[in-house]
Amino acid sequence: PGLDRPAEVIGVPRVRLYYQASASTTFLSVKLCDVAPDGTSVLVSKALLNLTHRDAPAAPSPLLAGQVYHLDLPLQAVAYRFAPGHRVRLMFSGADVLNAWPTPQAYTASLHHGSGRASCLELPLVGPSGLSGPTWRPSEFEPLPQDQIPAPDYEVSRDLIGATLTCSYKTNSGVGVNRSRYTVSLKHPEATSVTSDYTYDMHRPGWHCQVYAKCITESDAHSMRHTAQTLITVNGAAYWQKTWSTSAARVHW
């Protein structure tokens with residue numbers, strides 16, 4: 001059943017969890033959502049945490065497999081009203097594709113409740129304010145027709161044989177075109193790669209300049225590697241180009 005009355009949330013929601021995992025480096029995604037009677041879900045607030053940073057961001061430490069940890073995790077501050085008939089949904093995940101890099105180990109995790117380990121959500125609820133809503137002045141700019149609003153091309157595919165998940169998207173970003181491809185192994189999350197490129201074209205009478213940039217970030221269980229390259233052409237001929245690369249060991253991430 002949904003809420004029998006409005007619920008106004010102003011402040012910082014928190015989750016207090018009793019958490020247990022089978023690996024030394026894990027990740028937790030928490031999302032607070034508003035679910036309408038028709039099933040539509042709206043994101044209200046969220047939190048992301050690499051659990052090796054559970055005590056202090058500047059002093060990460062590995063988890064002990066099987067040990068239960070008490071986590072006090074703040075979500076993003078929010079001012080939101082849950083309408084009557086709506087439900088409050090709290091979602092937990094060990095991954096958040098496109099928002100956080102996968103951990104270097106596959107693992108299982110558990111949330112405990114009851115018997116002195118009551119995981120819970122705390123919402124900063126306020127009573128009705130009695131204030132009227134704001135009065136909006138009309139915009140000076142006419143909105144674009146719905147069929148003229150640029151929408152990104154977004155595709156999620158799964159390789160059932162190779163056990164990989166790939167998110168691909170293309171969007172007109174400003175004056176250029178961005179294409180990105182994110183691939184993660186479902187069995188070996190340490191094997192992840194992101195390839196992103198951006199093309200910017202400038203035209204003048206009898207003259208054409210194109211700037212092309214490409215970045216590749218990939219990982220294995222032990223390291224992260226990043227390569228970036230830029231190529232500028234004028235009237236189809238190479239004008240300037242450069243490639244950079246760097247790598248870093250994976251420690252607590």
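Modeller: Partly exposed means between 20% and 50% relative accessible area; under 20% is buried and over 50% exposed (1.4 Å probe, protein chains only). This is a predicted model, in which local features need pLDDT of at least 70 and side-chain atom pairs 80 or more, while totals for chains, interfaces and linings use all residues. Residues are numbered from 1 along each chain as its sequence is written, and side-chain values use heavy atoms, without hydrogens and water.

Colleague: Is Arg225 buried or partly exposed?

Modeller: Arg225 pairs with Glu218 in a salt bridge (Lys or Arg side-chain nitrogen within 4 Å of an Asp or Glu carboxyl oxygen), with 3.7 Å between the closest N and O atoms. Glu218 has 32% relative accessibility, so it is partly exposed. Arg225 has 27%, so it too counts as partly exposed.

Colleague: Which residues are joined into one network by salt bridges that share partners?

Modeller: The structure holds ten salt bridges. Some share partners, and the residues they join into one network are Arg14, Arg16, Asp72 and Glu122.

Colleague: How many residues apart are Glu8 and Arg81?

Modeller: Their side chains form a salt bridge of 3.9 Å, N to O. Glu8 sits in strand β1 (residues 7-11) and Arg81 in strand β6 (residues 78-82); strands are DSSP runs (E, at least two residues), numbered from the N terminus. This pair links distant parts of the chain, and the separation is 73 residues.

Colleague: What is the relative accessibility of Asp55?

Modeller: Asp55 forms a salt bridge with Arg54, the closest N and O atoms being 3.9 Å apart. Asp55 counts as exposed because its relative accessibility is 65%.

Technical notes
Helix = DSSP H or I, 4+ residues; strand = E, 2+ residues; numbered from the N terminus.
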